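Student: I am new to this structure, and I would like to learn how to read the contacts and pockets in it. Could you take me through them one at a time?

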Amino acid sequence: MIHESPRVRFAPSPTGYLHVGGLRTALYNYLYAKKLNGAFVLRIEDTDRTRYVEGAVENLIATLQWAGLDFDEGPIIGGDYGPYLQSERLDIYKQHAQQLIASGDAYYCFCNAERIEKVREEQKAIGIQPRYDKHCLALSKEEVQQKLDAGEPYVIRLNVRPGGVVGFDDEIREHVEFSTDVIDDQVLMKSDGFPTYHLANVVDDHLMKITMVIRGEEWLSSTPKHILLYDAFGWEKPKFAHLPLLLNADRSKLSKRQGDVAVESYREKGYLKEAILNFIALLGWHGPDDKELYTIAELIEAFSLERVSKSGAVFDLQKLAWLNQEYLKTYDPKLMIPEFRTSIEKQLHVSLEEVDDEWLIDVFIQMRERINVIDEVAIQAPYFFLPPDVYDEKSVGKNWNTEASRSVTELANRVEVMDDPSKEDYEAALRMIVSERGINAGKLIHPVRLAVSGVSGGPGLFDILYLIGKDETVERLRTAVERLG
RNA sequence: GGCCCCAUCGUCUAAUGGUCAGGACCUCGCCCUUUCACGGCGGUAAUAGGGGUUCGAAUCCCCUUGGGGUCACCA
């Protein structure tokens, strides 16, 4: 047999946004493909018309591209095995469903919802697992044809033969087995002419020559249905790798109710894609050594399914925050400026049009080791952009008094007559005053900090003074003296 | 409930029969320091329980317990 080149796919359904769990699945697929020089395919599983969301496909692709997980084949860019939107492949599914009917592996079912429901109720009442009772399997060819001709609505079901065992070797979980007795006669084609996930997925994975199915663990228990389908078609099966789930803090499946799950919302909050990718890569996978900071290139190099863990992983925001700061600290500040501008303007309602990049870069560098995400600059240090409107009470009580007030005024006087002062000039002026007055530097530093920023923490005082500039410094010092006495 | 998967510090994980059970986040302490951070150093903290197998078990087997997933004309 010819050795086929690795092909994997990410197959989300377009429900409006990309879930972080989905991003991790996409990432693992991407890493696997890149590592082995294979193809990464994007396929959109839009077979549920009731869940159709306008613009969801575009949004999904945009988010994937933002993250840098470029696919080799997929919607818009095309490829040799398209179309890549399942809603454009209906004829293919229909044809394959017919093939299964011909071979006896599937059958028409005309039961309506009421009957199905009634059967289930009865089964539950006598304590057995609710499953379709194969009622329509008993229909003769003629009866089926008659109903078809009469235009009766129908579905096509998989004909599962009880008494057997279906097993497969999962790349992550070793051998898994199921009895066919517990597998329902799954609907393959719905009455609206669309296939269900199970049929479309198997047909497409085969036709698109997928060699490795990497997906979430929630699919593990429906895999035997897929195996049955491959066997019914007589197709070679891909390998399967079922990833551990991403969990809430209480260890239930990561859900919207307990926090943000949309990749877009993390992006909006200012998390860097490098941090997000690095973080989710580590949720269920770990390299061979203690390394935790990975670039994408390094992930590709180090990744392997053998090192994927089996148990679910809690989505820990604290670790994400730490990672984001790690990237913030090493990132080229120039690249952050557009987002920085937007973040400040949006939150502080100021215009930064007149402000040049260099100044913003300096502010950013002062702040980046004090924040986890860029949006925190506006919260922690609005004083770079606006004079303080209130003064932290605790700091006032601790640092402000008549003597401090006099020293602050003195500093204002001396700064006022300076010509384009440097950071060092501010410091020299302040040190001169404390030396003349015979007081500790802190007696003046803290009041000055309070006067210009309104708070007690932040970057070095002289960096702040230099960045807000001479005029603003003088004005803020005088305003504080006026207001605080 | 049936079926399936899983089980090492609070969290993410390393250790594929022999380690003082390692690292990271968080947390605590100390140092640095004009503050807040950053950084440095150090500390607390785990093999779910019970049986086996073995000279030796976190590691292999069984049971129990716990958690999760799944049981649709949704994916």
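Tutor: Let us begin with a polar contact, which is a pair of N or O atoms within 3.5 Å; here a polar side-chain atom of Arg-449 lies 2.9 Å from a base nitrogen of RNA strand B. This is a predicted model, in which local features need pLDDT of at least 70, side-chain atom pairs count only at pLDDT 80 or more, and totals for chains, interfaces and linings use all residues. Residues are numbered from 1 along each chain as its sequence is written, chains are lettered from A and ligands numbered from 1 in the order in which they are written, and side-chain values use heavy atoms, with hydrogens and water left out.

Student: Which part of RNA strand B is 3.0 Å from a polar backbone atom of Val-314?

Tutor: That part is a phosphate oxygen, whereas a sugar or linking oxygen of the strand is 3.2 Å from an N or O atom in the side chain of Glu-45.

Student: Which residues come nearest to RNA strand B?

Tutor: A residue is near a strand if one of its heavy atoms lies within 4 Å of it; of the 60 residues around RNA strand B, Lys-190, Glu-292, Glu-369, Arg-370 and Gly-458 come nearest. Sugar and phosphate account for 73% of the atoms of RNA strand B that come within 4 Å of the protein.

Student: How is empty space found?

Tutor: Rolling a probe the size of a water molecule over the atoms shows where empty space is left.

Terms used
A polar contact is a pair of N or O atoms within 3.5 Å; within protein, one must be able to donate a hydrogen and the other to accept it, and residues adjacent in sequence count only if both atoms are side-chain atoms.
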